[in-house]
Amino acid sequence: MRVAMLAPIAWRTPPRNYGPWEKVTSILTENLVKRGIDVTLFATGDSLTSAKLQSSCPEPYEQNKNLDAKVEECMHISHLMENADQFDIVHNQFDFLPLTYSSLIKPPMVTTIHGFSSNKIIPVYEKYNNSTSYVSISDSDRHDSIRYIDTIYHGIDGNSFTFKEMKEDFLLFYGRIHRDKGAHTAIEIAKRVGKTLIIAGLVQDAEYYDKCIAPEIDGVHIKYVGNLSQTEGNDILGKALALLHPIYFDEPFGLSVAESLMCGTPVIAFNRGSMPELIENGRTGFLVKSVEEAVQAISKISSIDNRLCRSEALKKFSIEVMVDKYINVYERILAR
């Protein structure tokens, strides 16, 4: 089986720090290669992979602002599509733009939908229902007008996110700094319970950070430690008493939630989107609807078994299960 894997090019595959789509694409690619599958990764030229690497973009456009993102994306997608005949299947991890090629190329296309940036893009998915197979990353992130072949949760390397039973007395916010992610609400929760909050993540909305987050940072009770590498993220996720995830949107998956649980760290999250699929309320964390409920949950955090968080994460988010399910999807599509 020859698979063409189309990664995004905002960041390197795998990303140096932030880049959830690129991270998942890398994990799947490397583990398909381990299974003996012939994979060609279409990604940035500085990407690291055991697969064959093809690139039209030398480095991520988020890293090199001299690159025009739309131009690089067009060149990147067309580079794969013009060589599509070399492959048995094309796996699109790059949102909706590649769908417009799906009825023009010979090999079938499977598209992992990592979320919908807007309902305005739904008509593109609807139009290509018959020429591509769609995989959702959670049951909650499905749209009624789109036909899906499967739901496949992201797989996480349990060896990269290690279990730590002994926790330190601080709370953690770990994710992009954007109003949707609720860093300001995490600050409010931490202040209400009188605990230190460490904030880690990419500043995606500078105005929001400057107005709502930076004035609260004192380096003692509220700390910002920047956009961490996976190694640094593993360390801080493992040490935290709990991860605060007070989201203001219906998050399609939540990679940091799965990574936190893999480290044995419970999660307190607003009950939206995929959170009920990732977190078992009262067992691996708490699903709450308000700041008040989050405050109450922190008082009960000692009731959570950290080892259970780890074992449940290994069951739900194992790489082996993810790879098995994607290979099954490929085989079902090719059998048609």
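Two strands are said to pair if DSSP finds at least two bridges between them. In this predicted model, strands β5 (residues 109-113) and β6 (residues 132-136) run parallel and are joined by five bridges. One residue pair helps to locate this ladder by eye: Met 109 has Thr 132 in β6 as its bridge partner.

The β5-β6 pair belongs to a wider arrangement, an open sheet of seven strands with parallel pairing, in the order β3-β2-β1-β4-β5-β6-β7. The edges are taken by β3 (52-54) and β7 (148-151); each has a single partner strand, so one side of each is left without a neighbour in the sheet. On average, and with direction ignored, neighbouring strands of the sheet are turned by 25° against each other.

Helices also meet these strands. Helix α1 (residues 20-34) packs on the sheet, where it touches β1 (2-6), β2 (38-42) and β4 (89-92). The direction of α1 makes about 155° with that of β2. Helix α11 (residues 319-335) lies across β1, β4, β5, β6 and β7, and runs at about 165° to the edge strand β7.

Turning to a single side chain of interest, Glu 312 is found in helix α10, which spans residues 306-316. Is this glutamate buried or exposed? Its relative accessible area is 12%, and because buried means under 20%, Glu 312 counts as buried. Leaving aside residues up to four places away in sequence, Glu 312 touches Glu 280, Arg 283 and Thr 284.

Terms used:
Residues numbered from 1 in each chain as written. Predicted model: local features only at pLDDT ≥ 70, side-chain atom pairs only at ≥ 80, totals over all residues. Heavy atoms only, no water. Helix = DSSP H or I, 4+ residues; strand = E, 2+ residues; numbered from the N terminus. Axes fitted to C-alpha atoms, helices over the stretch in contact; angles between N-to-C directions. Contact = heavy atoms within 4.5 Å. Buried < 20%, exposed > 50% of the residue type's maximum accessible area, 1.4 Å probe, protein only.
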